[in-house]
Amino acid sequence: MIGVFDSGLGGLTVLRALSARLPRHRFLYLADHANAPYGDLPADRILTLAQDNLSRLFRAGCRLAIIGCNTVSAVALRPIQRDWLPRHWPGCNALGLIVPTIEAVTGVDWNDCAPPSDTPAGTVAIFATSRTVDSAVYPVEIAKRARALRVVEQPCPNLAAAIEDGAPEDALRHMVVRYVADLYACTGGADPDWVILGCTHYALVAYLFREALAPGMPIVSQPQAVAQALEGYLGRHPEFDAPLARGISGPRCRFLTTGEARTVTPLARRFIEEDYVFEGTA
C-alpha cells in the first residue's frame, strides 16, 4: 500500500494520476484538514506536521509515502529523508513533487550534474504558496539544470485556503485573475513559455488558470509527472513495489482526514467529481 499525504484536497489530483498509472496498487490518502492550509505556516511547524502525518501512514502499513504538497516538499522533505526517516522509520521512504516537476520542465534527470547544452530556453511561470516561493527551491534547482530558463514566481496567498473553505467559483476566479495579472506585471506583459501550478490545490482549479492565461498556454501537469516518476522509482526499487494480488477485492483507495469527514467528502466531490468518501482519523 502506498500512502499519499497532503494538507487537504489538493493531493487528490496526484492520487488520481497515481491510481490510473498504477492500477494494481492500493493507496491510502491522508488529508490534514485540522491544520490546513500549510502555505503560511512556519517551517518548523510544517516539518512537525509532516512527520506526524507520515507516521500515521507508516503505522497504517504504508512503507512508501508520496507527499502531495509542494510546501511540505519544498520545506521539509530534505530533513525528513536525511535525518528523520533513518532514525524513526528505517525501511520506509517519502517522496515529493518537486523533483519530477523540475525534470518534466527541464528534460534533465535530477542527478545529472552536467546537463546537456540543448536544455530549454524561455520563461517558466510558477504559481505557488508564499512558503514555497520563500524557499526558492524551484528557481535554484531549475537553474542548475537549465540555465537558459528564466523563472518567475507568483505567490498566491489564501488561494488554497479559499478552495478548502469551499469558496464560490466567482470568488476563486477573481483571485486567480488577480494573481495572473500580478505575474504579467512581473514579465512586463510577456507570456511565459510554460506554467507550473506549484500547489496541488491549484490543480483543482486549473481551468480558472487556463481562462486567465493566454490561450493554449502549456501548463506542466504535476500529477502526471509524479505518477510517471513513481512508476520508474518502483521499477528501480522493487522492495517498495507491492501490487495487489490478482483476484483481491475491496476498495483500492481509502481516504482519511484529520478534519470533519462529513464536510470534507462533499467538497472533494465538488472539485474531483469522484465518489470519494472520507473517514475521520480519530
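What volume does the second largest pocket have? In this predicted model, the second largest pocket has a volume of about 300 Å³, and its lining is made up of 17 residues, of which Ala203, Ala206, Arg210, Ser221 and Pro223 lie nearest the centre. Several elements contribute to this lining, since helix H1 (11-21), strand S7 (194-198), helix H11 (206-212), strand S8 (219-220) and helix H12 each supply at least two residues. The largest share, four residues, is provided by H1. When the lining of the second largest pocket is sorted by class, 11 residues are nonpolar, four are polar and two are charged.

Two of the helices that contribute to this lining, H1 and H12, also pack against each other, their axes coming within 8 Å and crossing at roughly 45°. Because of this angle, H1 is oblique to H12, and the crossing of the two helices is right-handed. On the side of H1 the contact is made by Thr13, Val14, Ala17, Leu18 and Arg21, while on the side of H12 it is made by Pro223, Gln224, Val226, Ala227, Gln228, Leu230 and Glu231. The contact of H1 with H12 thus brings together seven nonpolar, three polar and two charged residues. Pro223 takes part in this contact and is also one of the residues nearest the centre of the second largest pocket.

The largest pocket has a volume of about 850 Å³. It is lined by 27 residues, and those closest to its centre are Gly96, Ile98, Val99, Pro100 and Trp110. At least two residues of this lining come from each of helix H3 (70-75), helix H4 (77-88), H5, H7 and helix H12 (222-236). H12 gives the largest share, which amounts to eight residues. By class, the lining of the largest pocket divides into 16 nonpolar, six polar and five charged residues. H12 therefore has a place in the description of both pockets, as it supplies at least two residues to the lining of the largest pocket and at least two to that of the second largest pocket.

Among the helices that line the largest pocket, H5 packs against both H7 and H12. Helix H5 (residues 98-106) and helix H7 (residues 137-145) have axes 10 Å apart and pack at an angle of about 45°. It follows from this angle that H5 is oblique to H7, and the crossing of these two helices is right-handed. In this contact, Ile98, Thr101, Ile102, Val105 and Thr106 of H5 meet Val137, Tyr138, Glu141, Ile142 and Arg145 of H7. Sorted by class, the residues in the contact of H5 with H7 comprise six that are nonpolar, two that are polar and two that are charged.

The packing of H5 on H12 has an angle of about 105°, with the axes of the two helices 8 Å apart. H5 and H12 are therefore roughly perpendicular to each other. Here Pro100, Thr101 and Ala104 of H5 meet Gln222, Ala225, Val226 and Ala229 of H12, and the contact holds five nonpolar, two polar and no charged residues. Thr101 appears in the contact with H7 as well as in the contact with H12, and Val226 of H12 is listed in the contact with H1 as well as in the contact with H5.

Besides the pockets, the model contains one cavity of 30 Å³ or more, and the space within this largest cavity is about 70 Å³. The cavity is lined by 13 residues, with Ser7, Thr71, Thr129, Cys199 and His201 lying nearest its centre. H3 and helix H10 (200-203) each supply at least two residues of the lining. In terms of class, the lining of the largest cavity has five nonpolar residues, seven polar residues and one charged residue.

Two features of the backbone may also be noted. The peptide bond that leads from Ala36 to Pro37 is cis, with omega near -5°, and Pro37 is located in the loop between strand S2 (27-31) and helix H2 (43-59). Ala136, although it is not a glycine, has a positive phi of about 60°, and Ala136 is situated in the loop between helix H6 (130-135) and H7.

Methods
Residues are numbered from 1 along each chain as its sequence is written. This is a predicted model: local features need pLDDT of at least 70, side-chain atom pairs count only at pLDDT 80 or more; totals for chains, interfaces and linings use all residues. Side-chain values use heavy atoms; hydrogens and water are left out. Axes are lines fitted to C-alpha atoms, for helices over the stretch in contact, and angles run from 0 to 180 degrees between N-to-C directions. Angles under 35 degrees count as roughly parallel, over 145 as roughly antiparallel, 65 to 115 as roughly perpendicular and the rest as oblique. A crossing is left-handed if the near helix is turned anticlockwise from the far one by less than a right angle, and right-handed if clockwise. Contact means heavy atoms within 4.5 Å. Ala, Val, Leu, Ile, Met, Phe, Trp, Tyr, Cys and Pro count as nonpolar, Asp, Glu, Lys and Arg as charged, and the others, Gly among them, as polar. On a 1 Å grid over the protein atoms alone, a cavity is a set of points where a 1.4 Å probe fits but cannot get out, and a pocket is an open set with protein on both sides within 12 Å along at least five of seven lines; lining residues have an atom within 4 Å of a point. Grid points are joined across faces, edges and corners, and a volume is the space filled by probe spheres set on the points.
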